[in-house]
Number of protein chains: 2
Amino acid sequence: MSVPRTSTREHILKRATMLFQGRGYNGFSFKDISAPMGIRNAAIHYHFRTKSDLCSAVIARYRDLLKSETGDFMKHGGSAKSQLDAYLAFIRHEILDARCMCPLTNVAVALDTLPGEVRAQATMLSHDLLAYLTRVMELGREQGEFQFNCAAEQKALSVKATLQGAGQLARLMGPQVVDQVIDQIRCDLGL
Amino acid sequence: MSVPRTSTREHILKRATMLFQGRGYNGFSFKDISAPMGIRNAAIHYHFRTKSDLCSAVIARYRDLLKSETGDFMKHGGSAKSQLDAYLAFIRHEILDARCMCPLTNVAVALDTLPGEVRAQATMLSHDLLAYLTRVMELGREQGEFQFNCAAEQKALSVKATLQGAGQLARLMGPQVVDQVIDQIRCDLGL
DNA sequence: AAAGTTACTTACTTATAAGTAAGTTTGGCG
DNA sequence: CGCCAAACTTACTTATAAGTAAGTAACTTT
């Protein structure tokens with residue numbers, strides 16, 4: 001019937017990603033995916049057995065995206081500063097253009113109501129993210145670009161926490177919040 | 001029938017607060033309130049016409065609590081440092097003991113799915129909070145306790161964002177996150 | 001003591017959610 | 001050409017959600 005057969009699965013994943021990152025697990029239903037696509041709920045179940053499976057796939061996909069992005073950052077061999085800026089730009093785009101949040105936010109908020117699979121994927125994502133940011137912080141300090149006098153791990157944690165919060169406050173208080181917070185992060189690193 | 005008649009409304013509000021701050025608007029139902037209390041859903045509707053009314057009341061109550069707490073902080077007339085520490089202790093307790101989040105987090109995440117009343121209350125809370133933290137930052141700089149070279153408003157925003165993020169990351173990565181992040185905030189202020 | 005008010009309960013409605021089973025269309029292949 | 005599997009749809013089930021209307025027990029006021 002419809003022409004682009006093989007891309008339906010990808011289409012579902014894209015919409016699920018937008019909704020999951022935009023509203024959280026409990027904030028959207030299959031209908032929010034199927035109706036705008038002109039398909040039926042059962043079509044989603046054909047590709048993803050359960051909502052848990054679908055959302056796990058969403059986070060796994062995000063992890064892959066991040067892996068390839070950060071891999072690219074690292075390959076470019078640039079300075080820690082340019083790598084941090086790339087990640088900050090990535091987050092900035094997520095908040096301001098896509099108007100959505102890091103999946104960690106959405107999982108953390110409703111943690112008690114979520115299937116174990118989804119929680120597990122989120123935990124892995126949090127470790128991926130922190131490991132990457134920690135490496136960037138270490139590198140930045142070695143290169144003399146960043147200045148901070150605590151463990152690199154702690155600094156990375158603090159930076160990530162601040163960005164998580166920026167996404168929330170931007171929704172409530174306006175988009176200008178994002179650049180102010182990013183500016184402050186750079187400032188606190190001595191940039 | 002049941003003895004403590006006048007306190008039912010307060011009981012409902014307390015449980016709704018725990019659930020709202022712990023799981024978000026879409027993460028709990030009336031049953032989660034009524035069942036453990038041994039009452040019926042309709043009893044909740046008697047005290048609060050709709051879920052929107054109930055959750056608006058939860059946030060309004062949180063605003064009152066905060067108003068009196070910050071009022072007390074200010075009255076004690078202590079240094080900005082002691083006021084910041086009091087707020088940090090308040091947040092620390094919320095995350096570690098009550099295992100819940102600032103209502104701003106839960107509203108921001110599912111903003112698109114929420115009734116206007118609830119959004120309005122959250123917006124007011126965000127302004128209350130930022131106004132208070134901004135005053136503390138200004139005071140701290142005047143007193144020579146805090147060091148930062150940007151607008152007090154921006155610093156306050158950044159501190160609040162970081163604390164919002166700490167609540168999330170603590171759920172996914174463990175409670176030690178909270179103290180690390182708080183330590184970093186103090187450190188970045190020159191404490 | 002009668003009437004009214006408060007604080008509920010019972011019983012219901014309506015809507016929406018996730019999920020399933022069985023049937024249907026379409027394109028590729030022997 | 002006919003068969004088969006992939007990719008769906010139709011039609012359904014089951015569960016749960018918010019919300020409502022009508023009734024009732026107990027306290028309060030006149």
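Trainee: What area is buried between chain B and chain A, and what share of that area do carbon and sulfur atoms give?

Mentor: About 3,800 Å² is buried between chain B and chain A, and carbon and sulfur atoms give 64% of that area. Please keep in mind that this is a predicted model.

Trainee: Why is an area used for the size of an interface?

Mentor: The size of an interface is often given as the accessible area that is lost when the parts come together. The value for chain B and chain A is summed over both parts, so the figure of about 3,800 Å² covers the two sides together.

Trainee: How many residues of chain B and of chain A are in contact?

Mentor: On chain B, 44 residues are in contact with 44 residues of chain A. Contact here requires heavy atoms within 4.5 Å, so each of these residues has a heavy atom that meets that cut-off with the other chain.

Trainee: What makes the two copies related as by a two-fold rotation axis?

Mentor: Chain B is superposed on chain A by a rotation of 180 degrees, with 0.0 Å of shift along the axis and an RMSD of 0.0 Å. The two copies are thus related as by a two-fold rotation axis. In chain B, the residue that comes closest to this axis is Thr162(B), whose C-alpha lies at 1.9 Å. The same surface serves both copies, since 100% of the contact residues of chain B recur in chain A.

Trainee: Why is the pair of Asp188(B) and Lys155(A) called a salt bridge?

Mentor: The closest N and O atoms of Asp188(B) and Lys155(A) are 3.5 Å apart. The cut-off for a side-chain nitrogen of Lys or Arg and a carboxyl oxygen of Asp or Glu is 4 Å, and the pair therefore qualifies as a salt bridge. Between chain B and chain A the count is two salt bridges. The rule also finds 16 residue pairs in polar contact across this interface.

Trainee: Which elements give two or more residues to the side of chain B that touches chain A?

Mentor: They are helix H1 (8–23), helix H6 (103–109), helix H7 (116–142), helix H8 (152–173) and helix H9 (176–188) of chain B. H8(B) gives the most, with 15 residues. By class, the residues on this side of chain B divide into 19 nonpolar, 18 polar and seven charged.

Trainee: What makes up the secondary structure of chain A?

Mentor: Chain A has nine helices and zero strands. The C-alpha atoms of chain A fill a box of roughly 60 × 35 × 30 Å along the principal axes.

Trainee: What does the salt bridge of Glu10(A) and Arg61(A) tie together?

Mentor: The side chains of Glu10(A) and Arg61(A) meet at 2.8 Å, N to O, which is within the 4 Å limit for a salt bridge. Glu10(A) lies in helix H1 (residues 8–23) of chain A and Arg61(A) in helix H4 (residues 51–75) of chain A, so the pair ties together parts that are 51 residues apart in sequence. Over all chains, the structure holds 16 salt bridges.

Trainee: How do you know that Thr8(A) makes a polar contact with DNA strand D?

Mentor: An N or O atom in the side chain of Thr8(A) is 3.1 Å from a phosphate oxygen of DNA strand D. The cut-off is 3.5 Å, so the pair counts as a polar contact. Tyr46(A) also places a polar side-chain atom 3.2 Å from a phosphate oxygen of this strand. For Lys51(B), a backbone N or O atom lies 2.8 Å from a phosphate oxygen of DNA strand D.

Trainee: Which part of DNA strand D supplies 74% of its atoms within 4 Å of the protein?

Mentor: Sugar or phosphate supplies that 74%, and the rest belong to bases. Around DNA strand D there are 16 residues: seven nonpolar, five polar and four charged. H3(A) gives the most to this surface, with four residues.

Trainee: Which residues are closest to DNA strand C?

Mentor: Among the 17 residues that surround DNA strand C, the closest are Phe30(A), His45(A), Lys51(A), Thr8(B) and Arg40(B). A polar backbone atom of Phe30(A) is 2.9 Å from a phosphate oxygen of DNA strand C. Arg40(B) has a polar side-chain atom 3.0 Å from a phosphate oxygen of the strand. Both distances are within 3.5 Å, so both pairs count as polar contacts. H3(B) gives the largest share of the surface near DNA strand C, four residues.

How values were computed
Residues are numbered from 1 along each chain as its sequence is written. Chains are lettered from A and ligands numbered from 1 in the order in which they are written. This is a predicted model: local features need pLDDT of at least 70, side-chain atom pairs count only at pLDDT 80 or more; totals for chains, interfaces and linings use all residues. Side-chain values use heavy atoms; hydrogens and water are left out. A residue is near a molecule or strand if one of its heavy atoms lies within 4 Å of it. A polar contact is a pair of N or O atoms within 3.5 Å; within protein, one must be able to donate a hydrogen and the other to accept it, and residues adjacent in sequence count only if both atoms are side-chain atoms. Ala, Val, Leu, Ile, Met, Phe, Trp, Tyr, Cys and Pro count as nonpolar, Asp, Glu, Lys and Arg as charged, and the others, Gly among them, as polar. Copies are superposed by least squares on the C-alpha atoms of residues with pLDDT of at least 70 in both. Buried area is the accessible area (1.4 Å probe) that two parts lose on being put together, summed over both.
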